[in-house]
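This report looks at the pockets of a protein model and at the ligand placed with it. The structure comes first, and the description follows.

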Amino acid sequence: MTRVAVLAGGVGAARFLDGLVRVVPPADVTAIVNVGDDIEWAGLHISPDLDTVMYTLADMVNPETGWGLRGESRRTLDRLSELGGPDWFMIGDLDLATHLFRTHWLGQGNPLSTVTRDLVKRAGLELFITPVTDDRLRTMVDTDAGEFSFQDYFVRRRAVDRVHSLRFDGAETARPAPYVVEALNESDVIVIAPSNPFLSIDPLLSVPGLRELVASNRSKVAAVSPIIGGEAVKGPAADILQSMGHDVSALGVARLYEDLAEVFVLDETDAALASTIESETGMRVHIMPTLMTDVEAKMALAAGTLKAALHDG
Ligand code: GDP
Ligand code: CA
């Protein structure tokens, strides 16, 4: 039996988890998910990364985008546009039900982790999916054009601004959600998913105590590179690495994780970086294909990552 805790953002993490639950029993998997991207929009509490993970694992995700629901329509949003908005955040008609459900039960005084557990159960999933914290935590992006909330920067302004720094509003007083600390301590392996290091993993680790907890478990931690051949598979990870002055490569990512993970899973495309990563960071590099193009590729990546972390690969 291998119990696995995964530090997760959205799309990259969801794909990884989709493979993982096919190589270990789903009940042995805990996904600890970023909430820095959460937004209150039109009175609704939206948790994009939690929903991406849930929709992907429930096989309900839109395969073209990697987020949102398959077969989605946008009648509500179109009508909202006719009314003059707000219509800048893409909410499909079916997706809206998730946000109404979440907002309703939060409004009744339930913590986000409890509401998430209900949603996950209704989706028929057996893995444990939890927000990293039930407290308010919001990624704020400082750019050339001023400071914005993450969704303002990313969706409303279409990520055009040059990023100087990020901060995580609420982090100082946020507490880990129930079972997060236990999951990290009691798992056999902790995986840092191939997620955006700055926008998905950093906010998670900004919850007091969690960075130290992961670092103190370093010998069982494996990080999977979200950067392949100097590029993000999707999203702004490469741009942000660059604008924040880091090497835009798997080496740049490895440097960010050197105190946290003993194993670094590197794409075969980047094999030439392996010896530099090992000598510079002291991580053990495991080289394999990391592009999760189909279910087989996802399963192979999950299995290879576990093997490397368990010292038998
Ligand atoms: P977001 O919140 O939806 O942006 O999700 P994440 O932070 O979890 O994922 C974004 C990251 O996933 C990007 O940096 C991508 O490069 C990475 N990613 C997406 N698909 C893959 C893949 O198939 N393989 C690898 N190695 N990384 C991926
Ligand atoms: Ca996200």
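The largest pocket in this predicted model has a volume of about 950 Å³. Its lining is made up of 41 residues, and those closest to the pocket centre are Gly 10, Val 11, Asp 49, Trp 67 and Lys 234. Five elements are listed as giving two or more residues to this lining: helix 1, helix 2 (48-57), helix 4 (93-107), helix 6 (150-156) and helix 8 (197-205). Helix 2 gives the most, with five residues.

The largest pocket is where ligand 1 sits. Around ligand 1 there are 21 residues, of which Ser 195, Ser 200, Pro 226, Val 233 and Thr 290 come nearest. Helix 1 (residues 11-20) provides the largest share of this shell, four residues. Backbone N or O atoms also lie at short listed distances from an oxygen atom of ligand 1, as with Gly 10 at 2.8 Å, Gly 12 at 3.1 Å and Pro 194 at 2.8 Å. The protein covers 91% of the 590 Å² of accessible area that ligand 1 has on its own.

The second largest pocket has a volume of about 340 Å³. It is lined by 16 residues, with Asp 18, Thr 56, Val 61, Pro 63 and Lys 298 closest to its centre. Helix 1 supplies the largest share of this lining, four residues, and helix 13 (295-309) supplies at least two.

The table gives the residue classes.

| Residue group | Nonpolar | Polar | Charged |
|---|---|---|---|
| Shell around ligand 1 | 10 residues | eight residues | three residues |
| Lining of the largest pocket | 22 residues | 13 residues | six residues |
| Lining of the second largest pocket | six residues | three residues | seven residues |

Key:
Residues are numbered from 1 along each chain as its sequence is written. Chains are lettered from A and ligands numbered from 1 in the order in which they are written. This is a predicted model: local features need pLDDT of at least 70, side-chain atom pairs count only at pLDDT 80 or more; totals for chains, interfaces and linings use all residues. Side-chain values use heavy atoms; hydrogens and water are left out. A residue is near a molecule or strand if one of its heavy atoms lies within 4 Å of it. A polar contact is a pair of N or O atoms within 3.5 Å; within protein, one must be able to donate a hydrogen and the other to accept it, and residues adjacent in sequence count only if both atoms are side-chain atoms. Accessible areas come from the Shrake-Rupley method with a 1.4 Å probe; for residues, only the protein chains shown count as cover. On a 1 Å grid over the protein atoms alone, a cavity is a set of points where a 1.4 Å probe fits but cannot get out, and a pocket is an open set with protein on both sides within 12 Å along at least five of seven lines; lining residues have an atom within 4 Å of a point. A molecule sits in a cavity or pocket if more than half of its atoms lie within 2 Å of its grid points. Ala, Val, Leu, Ile, Met, Phe, Trp, Tyr, Cys and Pro count as nonpolar, Asp, Glu, Lys and Arg as charged, and the others, Gly among them, as polar. Grid points are joined across faces, edges and corners, and a volume is the space filled by probe spheres set on the points.
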